[in-house]
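Take a walk through this structure with the model open beside you. We will go from the overall layout to single residues.

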Amino acid sequence: MPFPAPRDAAVIDIGSNSVRLVVYRLEGRAIWTVFNEKVLAGLGRDLGDHGRLSPEGVQQSLAALKRFRAVLEAVAPAEIFVVATAAAREASDGPDFVARVKAETGLSVRVLSGEEEAHYAALGVLAGAPSATGVVGDLGGASLELVRLETTGAGLGVTLPLGPFSLGLSEGFDGERVRRLCAQRLAPVASAFRTDTFHAVGGAWRNLALLHMRLSGYPLHVVHQYEMSASEALDAARLVSHQSRASLERIEGMSKKRSETLPYAAVVLESLIDSLALKRIEISAFGVREGLLFEAMPPRTRGLDPLIEGCASLGARQGVADELGQGLNAWLAPAFTSLPPLFEGGRDEVLMSAACRLADLGARLHPDHRADLVFEQVLRAPIAGQDHAERAFLATAAYARHSTAFDPPEIEVLHRLLSPLRLKRARALGAAIRLGCDLSGRSAPLLARSRLMIDRTQLTLTAEPGYADLLLGEQTSKRAGTVAHLLGLKLKISTS
């Protein structure tokens with residue numbers, strides 16, 4: 001099946017705190033960010049005090065939107081979504097602002113209801129993690145949207161005035177007062193949203209997670225699907241809520257505007273952990289914007305696995321036909337699916353399929369450096385649908401696909417994220433992909449003439465009648481021997 005033609009889509013998100021333009025490249029199910037610009041305009045800064053938009057925020061927002069319109073005129077994406085959330089929805093002068101945007105920029109703004117905002121936040125989380133369950137919480141400048149994730153998708157949703165601008169930002173931060181307000185506003189809905197797993201959406205919580213990474217010495221600074229236990233999240237939240245604004249501003253990468261609102265986000269998270277009896281917090285880099293894109297995809301595309309499709313898309317950038325990845329997957333499946341699973345929920349097969357799609361990611365890189373370069377790219381690639389252990393697994397397999405000697409950069413990341421058994425399995429998978437590519441000269445039809453099987457304690461490599469010569473040679477024996485060794489098996493190559 002030919003890879004779908006890429007197309008661009010843009011989302012302008014007019015939030016209570018920020019106004020943002022993101023241009024995406026859509027390659028089937030794969031979503032790539034190609035341009036991302038935000039302005040912390042503070043449109044909803046005065047909402048809690050006066051029920052109106054901030055005059056300064058309106059001016060900054062309009063200036064940003066004019067610039068975004070100019071950018072979009074040049075980029076000319078296939079689709080443009082322009083949405084506004086709590087500030088424009090709740091402010092008495094919200095309709096006037098929307099009309100002014102139309103008059104001055106030509107952009108037609110769709111003001112999302114609280115239920116719609118919650119729905120799209122949940123769809124965004126599912127776009128990035130299809131198997132996600134629990135509750136999504138999308139924290140913006142003025143509101144918090146909560147929505148349950150059911151087996152059928154996004155379920156019950158509610159919007160609450162728990163953003164910094166609705167918690168008295170203009171009065172200055174008072175932790176105890178904010179805690180009381182959070183408890184009061186969460187109490188009526190807490191029983192409906194109790195859950196073990198909470199999917200946190202929003203810039204403030206992403207910053208909180210990045211801070212926790214630095215404080216804990218976490219080696220992989222990728223925020224999407226970063227997990228914290230409730231106790232870890234509480235420690236980070238309490239640390240932030242007890243810091244002065246000046247102290248927060250001294251944190252590397254922390255903007256002055258973000259340091260003003262972060263303590264409120266920290267207290268909201270504290271209150272959610274307590275009220276909803278949370279056990280795990282998982283950060284999602286996907287939210288409302290990606291939810292809009294996900295809903296607009298054809299149903300068949302939405303049903304594809306984002307990790308497999310993202311890896312196929314990344315591999316396709318090297319000009320390698322996807323039939324190689326599919327052929328490798330079919331060739332490896334009989335052997336590797338007979339091994340004891342190391343990941344829950346059928347993930348071993350998904351990871352094998354994804355690794356096969358990355359088989360020739362390093363094809364056009366210098367042979368002396370391709371293993372290292374591919375490792376780094378796979379470990380941090382902005383591909384959805386994988387947790388951090390799975391990232392490390394795929395990066396290990398990608399390295400082993402290009403190098404028999406195992407000395408990857410950042411080996412401490414692998415030891416932190418992978419058990420010894422998973423690490424060895426990933427190396428074996430990469431070595432098997434290398435065997436398949438070298439055996440067949442990267443030809444999927446030729447590869448299909450051979451078989452790789454596991455029978456108890458033996459790894460067997462055979463070929464169809466008339467193709468036995470395919471298995472000859474020292475390199476084939478060496479590559480197959482590496483796979484067998486990593487799997488703890490004896491090797492048999494049958495050329496008769």
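What follows covers confidence, domains, sheets, salt bridges and two unusual backbone angles.

Start with how far to trust the picture. The model is predicted. The chain has a mean pLDDT of 93. Of its residues, 97% reach 70 or more. Confidence is highest in strand β5, at 98. It is lowest in helix α9, residues 245–249, where the mean is 75. Where pLDDT is low, the predicted coordinates should not be read in detail.

Next, the layout. The domain assignment divides the chain into domain 1 (7–111), domain 2 (115–289) and domain 3 (305–495). Look at how domain 2 and domain 3 meet. Their centres, taken over C-alpha atoms, are 38 Å apart. Contact between them involves 14 residues of domain 2 and 13 residues of domain 3.

Now find the sheet of five strands. It is open, and its order is β3-β2-β1-β4-β5. The pairing is mixed. Which strands stand at the edges? They are β3 (30–39) and β5 (110–111), and each pairs on one side only. Strand β4, residues 79–84, runs parallel to β5, and two bridges join this pair. At one position, Val-83 has Arg-110 in β5 as its bridge partner. A helix packs on this sheet: α11, residues 288–296. Helix α11 touches β1 (7–14), β2 (19–27), β3, β4 and β5. The direction of α11 makes about 35 degrees with that of β2.

Move on to another sheet. This one is open too, with six strands in the order β8-β7-β6-β9-β11-β10. Here again the pairing is mixed. The edges belong to β8 (153–160) and β10 (227–229). Each has a single partner strand, so one side of each is left without a neighbour in the sheet. From one strand to the next, the twist averages 25 degrees. Follow β10 to its partner. β10 and β11 are antiparallel and share three bridges. In this part of the sheet, Met-228 stands opposite Ile-281 in β11. Helix α7, residues 203–216, lies across five strands named here: β6 (134–139), β7 (144–150), β9, β10 and β11. Helix α7 runs at about 115 degrees to β11.

Now turn to charged side chains. Side chains of opposite charge can pair when their charged atoms come close. How many salt bridges does a search of the whole structure find? The count is 26.

Take Arg-45 and Glu-260. Their side chains meet in a salt bridge, at 3.4 Å from N to O. The two residues are 215 apart along the chain. Arg-45 sits in the loop between β3 and α1 (47–50), while Glu-260 belongs to helix α10, residues 256–275. Is Glu-260 buried or exposed? Its relative accessibility is 17%, so Glu-260 counts as buried, the cut-off being under 20%. Arg-45, at 29%, counts as partly exposed.

Asp-196 and Lys-279 form another salt bridge, 3.8 Å from N to O. Asp-196 lies in the loop between α6 (175–186) and β9 (197–201), and Lys-279 in the loop between α10 and β11 (280–284), so the pair ties together parts that are 83 residues apart in sequence. Asp-196 is partly exposed, with 36% relative accessible area.

A further pair is Glu-464 and Arg-451. Their closest N and O atoms are 3.4 Å apart. Because Glu-464 lies in the loop between β13 and α21 (474–487) and Arg-451 in strand β12, this salt bridge ties together parts 13 residues apart in sequence. Both ends are partly exposed: Glu-464 has a relative accessible area of 22%, and Arg-451 has 39%.

Salt bridges can also be followed through a group of residues. Arg-89, Glu-90, Glu-117 and Glu-145 are linked in a network of them.

End with the backbone. Glu-410 is not a glycine, yet its phi is positive, at about 60 degrees. Glu-410 lies in the loop between α17 (388–402) and α18 (411–417). Arg-456 also has a positive phi of about 60 degrees without being a glycine. Look for Arg-456 in the loop between β12 (450–455) and β13 (458–463). Is Arg-456 buried or exposed? Its relative accessibility is 77%, so Arg-456 counts as exposed.

Key. Residues are numbered from 1 along each chain as its sequence is written. This is a predicted model: local features need pLDDT of at least 70, side-chain atom pairs count only at pLDDT 80 or more; totals for chains, interfaces and linings use all residues. Side-chain values use heavy atoms; hydrogens and water are left out. Two strands pair if DSSP finds at least two bridges between them. Helices (H or I, at least four residues) and strands (E, at least two) are DSSP runs, numbered from the N terminus. Contact means heavy atoms within 4.5 Å. Axes are lines fitted to C-alpha atoms, for helices over the stretch in contact, and angles run from 0 to 180 degrees between N-to-C directions. Buried means under 20% relative accessible area, exposed over 50%, partly exposed in between (1.4 Å probe, protein chains only). A salt bridge is a side-chain nitrogen of Lys or Arg within 4 Å of a carboxyl oxygen of Asp or Glu. pLDDT is the predictor's confidence in each residue, from 0 to 100. Domain bounds come from an automatic or database domain assignment.
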